[in-house]
Every structure is written in C-alpha cells, then in structure tokens.
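Visitor: Please show me the model. I have some questions about how its parts meet.

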Amino acid sequence: MFKKFTKEDIHSRSNIKSSQQRNLKAKWVRQFPALESVIDDIIPKKSQVILIKCEDKIQLYCVDNKVVAFQQFDDLIPSLEIVHKYPDCFPKVQVDRGAIKFVLSGANIMCPGLTSPGAQLPEENLEKGTIVTIYAEGKEHALAVGALEMSTDDIKSLNKNVGVELFHHLGDCLWNFSFN
C-alpha cells in the first residue's frame with residue numbers, strides 16, 4: 001500500500017474536531033478492545049489530530065506530526081510506530097525466518113510462511129479480514145501490519161495461497177515519511 005507513497009499523493013490536510021476525535025477513539029477501541037487503557041496516550045485529549053487525505057482513498061490520522069493510524073475504506077489500521085509502543089493491543093501472527101526478506105520487500109504473506117516450523121498462528125480462530133501485526137521468528141518487534149485473506153483455521157487447513165495482505169512494513173514510504 002505504501003511502496004511508492006510520496007508527498008504528491010496527498011490531496012488535503014485538515015484538523016478534525018474534538019467530536020470526530022472521540023468517534024475515532026471509540027471506533028478504534030471497538031476494533032481493538034485492548035486499546036481502551038492506552039487510547040488517551042495514543043490520542044491525548046487536548047491534542048490536535050490531523051486528517052490527511054491521499055490517493056486511493058487512503059486517510060492518515062496524525063498526532064504531533066506522527067501517523068498513528070491509517071484507513072482505507074472501513075478498518076482503522078495502526079502504524080508500526082503504535083504497534084511497537086503497544087504490541088499487546090493487536091492480534092499477532094508470526095512468520096518463519098525465510099519469510100522476513102519477502103515481508104520487508106512488501107510481499108503478501110503466503111500460508112506456508114505462517115504454518116511452517118518457526119511460524120506461529122494464534123490458538124483462537126481469527127476471521128478473514130482481521131487486521132493483524134506480523135512478527136518474525138527470533139525478532140522482538142513487528143515487521144508489518146496486514147489483513148487476513150482467510151481465517152486462521154483455513155490457513156492451517158488449506159496451507160496454500162495468500163494468508164495475509166500486507167499494508168505497511170518496516171522501511172516502506174509510510175515508515176520513512178515526514179511532514180516537514
């Protein structure tokens with residue numbers, strides 16, 4: 001999603017009202033209930049949230065010149081900076097070591113990379129479309145954020161095709177983006 005993102009992709013920037021901020025926080029907590037205890041740290045009450053509208057109907061939500069979340073259509077997706085600060089607030093999957101270079105180049109994650117030795121899927125089933133953070137065998141921090149292309153039960157049983165569509169990864173244009 002952010003392989004070739006530049007400042008030219010930005011259409012508009014606007015401050016959002018406090019009522020919209022409350023709605024944004026409530027929506028994010030509904031999507032990720034574990035955020036409830038830290039949502040005021042991510043988006044402080046007196047902070048100004050800036051909405052940046054971009055190409056392909058992508059919207060960035062920024063606090064203090066840092067992207068905290070982005071949205072394309074419905075789901076709010078955390079930036080990796082937020083995932084690194086609050087790793088336990090988001091569903092996780094783990095890829096094996098062999099998938100790391102592909103994830104860091106922005107490739108979608110295939111099911112075998114999620115089911116092989118070294119990879120890990122959660123015990124409970126996650127439905128198709130769930131936003132997940134992607135970790136790698138032997139690494140402490142998340143490499144990427146994406147959405148499941150099939151449920152985790154289906155990933156385990158079918159073990160072929162794309163398992164996770166990647167949205168944002170370490171080193172992509174959003175990770176390196178600055179507003180100055």
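The questions below concern the two domains and the interface they share.

Visitor: Where do the domain bounds fall in the chain?
Guide: This is a predicted model. The chain is divided into two domains. Domain 1 covers 7-85, and domain 2 covers 92-169.

Visitor: How far apart are the C-alpha centres of domain 1 and domain 2?
Guide: Take the C-alpha centre of each domain. The distance from one to the other is 24 Å.

Visitor: How many residues of domain 2 are in contact with domain 1?
Guide: Count heavy atoms within 4.5 Å as contact. Domain 1 brings ten residues. Domain 2 brings twelve.

Visitor: What area do domain 1 and domain 2 bury between them, and which three residues of domain 1 supply the most of its part?
Guide: The two domains bury about 810 Å² between them. Carbon and sulfur atoms carry 76% of that area. On the domain 1 side, 52% of the area buried against domain 2 comes from three residues, more than from any other three. They are Ile 77, Leu 80 and His 84.

Visitor: How many salt bridges and polar contacts cross the interface?
Guide: Two residue pairs are in polar contact across the interface, both at pLDDT 80 or more. For salt bridges, the rule finds zero.

Visitor: Which element gives the largest share of the side of domain 1 that touches domain 2?
Guide: Strand S5 (76-78) and helix H3 (80-85) each supply at least two residues of that side. The largest share is three residues, and the element supplying them is H3.

Visitor: How do the residues of that side of domain 1 divide by type?
Guide: One residue is charged and three are polar. The nonpolar residues number six.

Conventions:
Residues are numbered from 1 along each chain as its sequence is written. This is a predicted model: local features need pLDDT of at least 70, side-chain atom pairs count only at pLDDT 80 or more; totals for chains, interfaces and linings use all residues. Side-chain values use heavy atoms; hydrogens and water are left out. Domain bounds come from an automatic or database domain assignment. Buried area is the accessible area (1.4 Å probe) that two parts lose on being put together, summed over both. A salt bridge is a side-chain nitrogen of Lys or Arg within 4 Å of a carboxyl oxygen of Asp or Glu. A polar contact is a pair of N or O atoms within 3.5 Å; within protein, one must be able to donate a hydrogen and the other to accept it, and residues adjacent in sequence count only if both atoms are side-chain atoms. Helices (H or I, at least four residues) and strands (E, at least two) are DSSP runs, numbered from the N terminus. Ala, Val, Leu, Ile, Met, Phe, Trp, Tyr, Cys and Pro count as nonpolar, Asp, Glu, Lys and Arg as charged, and the others, Gly among them, as polar.
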